[in-house]
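Morning, everyone. I'll take you through one structure today. Have a look at it, then we'll start with the sheets.

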Amino acid sequence: MVKRLLVCGVVAVMGVALAAQAPANRPASGRGQASTQIGGDWVKGERSSTYQGGKWIDVTYGRPVLRQRANIFGTGADYGKTLNAGAPVWRAGADQSTRFKTDVALDFAGKALPAGEYSMYIGLAEKEWTFVLSSWPAQQKYDPANKTELWGAYNYTADRDVLRVPMKLDALPYSVDEFTIAFVDMTKTGGRLAVMWDRTMASVAFKIQ
C-alpha cells in the first residue's frame with residue numbers, strides 16, 4: 001500500500017512538472033488551415049452520395065490571440081502599424097507567411113489568378129483593406145540572411161504581386177479572440193474568403209475562372 005502511494009505521488013509530481021514545462025514550449029500563436037472544395041457535384045451511388053470533381057483551395061496561417069488587447073488595428077495614422085511590425089503589409093496572421101493554394105484558376109473582381117501557391121498579405125488602411133497574393137516564397141524557419149524567401153511580410157516588395165483587390169469590411173457584433181480565416185457563402189462556383197479578428201471581418205469574393 002505504501003509503495004503504491006509512493007508511486008502515485010511520483011507520477012503526480014511528474015505530471016505537475018510536465019504541465020509546468022508545457023507552456024514554455026508552446027508557441028504564442030497556433031497554426032491553422034482553412035479549406036474548401038468547389039466545382040464538383042454530389043453523385044448518388046448505391047448506398048450514399050459522394051462529392052466528385054471538386055478542386056481544393058487551402059489557406060495555411062498563424063493564429064495570433066488577442067489576449068485582452070483592445071483596438072488591435074489602431075486608428076488614424078497609426079492604423080495597422082502594430083500588426084505590420086515594421087513590414088509594408090500585414091502577414092495576415094503570425095509567424096510564417098500565410099500561404100494560399102488553389103488547384104483551380106480563380107477570378108477575383110475580374111482579375112485572373114492561375115492555379116498555384118502564393119503568399120497572402122493584407123494592406124491595412126483605415127476603412128480600406130487590400131487583399132494581396134504574391135509570388136514571394138515563404139521561409140519555413142526564420143533566417144535573416146535569406147533574401148530569396150520571406151518570413152511573414154518582412155522585406156516584402158510589391159514587384160512580385162500577382163493580384164491585388166479591395167476587401168469588404170464589416171463590423172462584427174462580437175469579438176473574435178483568435179485570428180480566423182474562413183470560407184463563407186460558398187456555392188458550386190465560388191464564394192468569399194473572410195478574415196476575422198476582434199470586431200472586424202474583411203472578405204473578398206472569388207469564383208472559378
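One definition before the strands: two strands count as paired if DSSP finds at least two bridges between them. Keep in mind, too, that this is a predicted model.

Take the six-stranded sheet. It is open, the order is S1-S4-S5-S8-S9-S10, and the pairing is antiparallel. Which strands stand at the edges? Strand S1, residues 30-38, and strand S10, residues 161-166. Each has a single partner strand, so one side of each is left without a neighbour in the sheet. On average, neighbouring strands here are turned by 20° against each other, direction ignored.

Now look at the S10 edge. Strand S9, residues 128-134, runs antiparallel to S10, and five bridges join the two. For Phe131, the bridge partner in S10 is Val165.

Stay in strand S10 and find Pro166. Buried or exposed? Pro166 counts as exposed, at 64% relative accessibility. Leaving aside neighbours within four places in sequence, Pro166 is in contact with Trp129, Thr130 and Val204. Its C-alpha atom is separated by 9.2 Å from that of Gly123, and these two residues are 43 apart along the chain.

Next, the other sheet. Four strands form it, in the order S7-S6-S12-S11. It is also an open sheet, with antiparallel pairing. The edges are strand S7, 111-113, and strand S11, 168-184. Each of them has a single partner strand, so one side of each lacks a neighbour in the sheet. From one strand to the next, the twist averages 50°. Strand S6, residues 106-108, pairs with S7 over three bridges, in the antiparallel sense. Phe108 stands opposite Lys111 in S7.

On to the inside. In soluble globular proteins, nonpolar side chains tend to be buried together. Here the largest nonpolar core has 36 residues. Which of them touch the most other members? Phe100, Phe108, Met120, Trp129, Phe131 and Leu193. We have met some of these names already: Phe131 is the bridge partner of Val165, and Trp129 is in contact with Pro166.

Several elements give two or more residues to this core: S1, S4, S6, strand S8 (116-125), S9, S10, S11 and strand S12 (190-208). S12 gives the most, with six residues. Another core lies apart from this one. That one has eight residues, among them Val132, Trp136, Ala153 and Tyr156.

Now a charged residue on the inside. Find Arg91, in the loop between helix H2, 81-84, and strand S5, 98-102. Arg91 is buried, yet has no salt bridge. How far away is the nearest side chain of opposite charge? That side chain is Asp95, and the distance is 5.1 Å. The cut-off for a salt bridge is within 4 Å, nitrogen to carboxyl oxygen. What does Arg91 touch, not counting residues up to four places away in sequence? Gln96, Thr98, Met120, Tyr121, Trp151, Gly152, Ala153 and Tyr154. Among these, Met120 belongs to the largest core, and Ala153 to the other one.

So where are the salt bridges? The structure holds seven. I'll show a few. Arg63 pairs with Glu178, with the closest N and O atoms 3.5 Å apart. Arg63 lies in strand S4 and Glu178 in strand S11, so this pair ties together parts that are 115 residues apart in sequence. Arg63 counts as buried at 19% relative accessibility. Glu178 counts as partly exposed at 29%.

Then Lys81 with Asp78: the closest N and O atoms are 3.8 Å apart. Lys81 is exposed, at 51% relative accessible area, and Asp78 is partly exposed, at 48%. Last, Arg192 with Asp185, where the closest N and O atoms are 2.6 Å apart. Asp185 counts as exposed, at 53% relative accessibility.

Finally, backbone angles. Most residues other than glycine have a negative phi. Two asparagines here are worth checking on screen. Asn71 has a positive phi, near 50°. Asn71 sits in the loop between strand S4, 55-63, and H2, and is partly exposed, with a relative accessible area of 48%. Asn155 also has a positive phi, near 70°. Asn155 is in the loop between S9 and S10, and is exposed, with a relative accessible area of 52%.

That's my tour. Questions, please.

Definitions and conventions. Residues are numbered from 1 along each chain as its sequence is written. This is a predicted model: local features need pLDDT of at least 70, side-chain atom pairs count only at pLDDT 80 or more; totals for chains, interfaces and linings use all residues. Side-chain values use heavy atoms; hydrogens and water are left out. Buried means under 20% relative accessible area, exposed over 50%, partly exposed in between (1.4 Å probe, protein chains only). Lys and Arg count as positive and Asp and Glu as negative; His and the chain ends are not counted. Contact means heavy atoms within 4.5 Å. Axes are lines fitted to C-alpha atoms, for helices over the stretch in contact, and angles run from 0 to 180 degrees between N-to-C directions. A nonpolar core is a set of buried Ala, Val, Leu, Ile, Met, Phe, Trp, Tyr and Cys residues joined through side-chain atoms within 4.5 Å.
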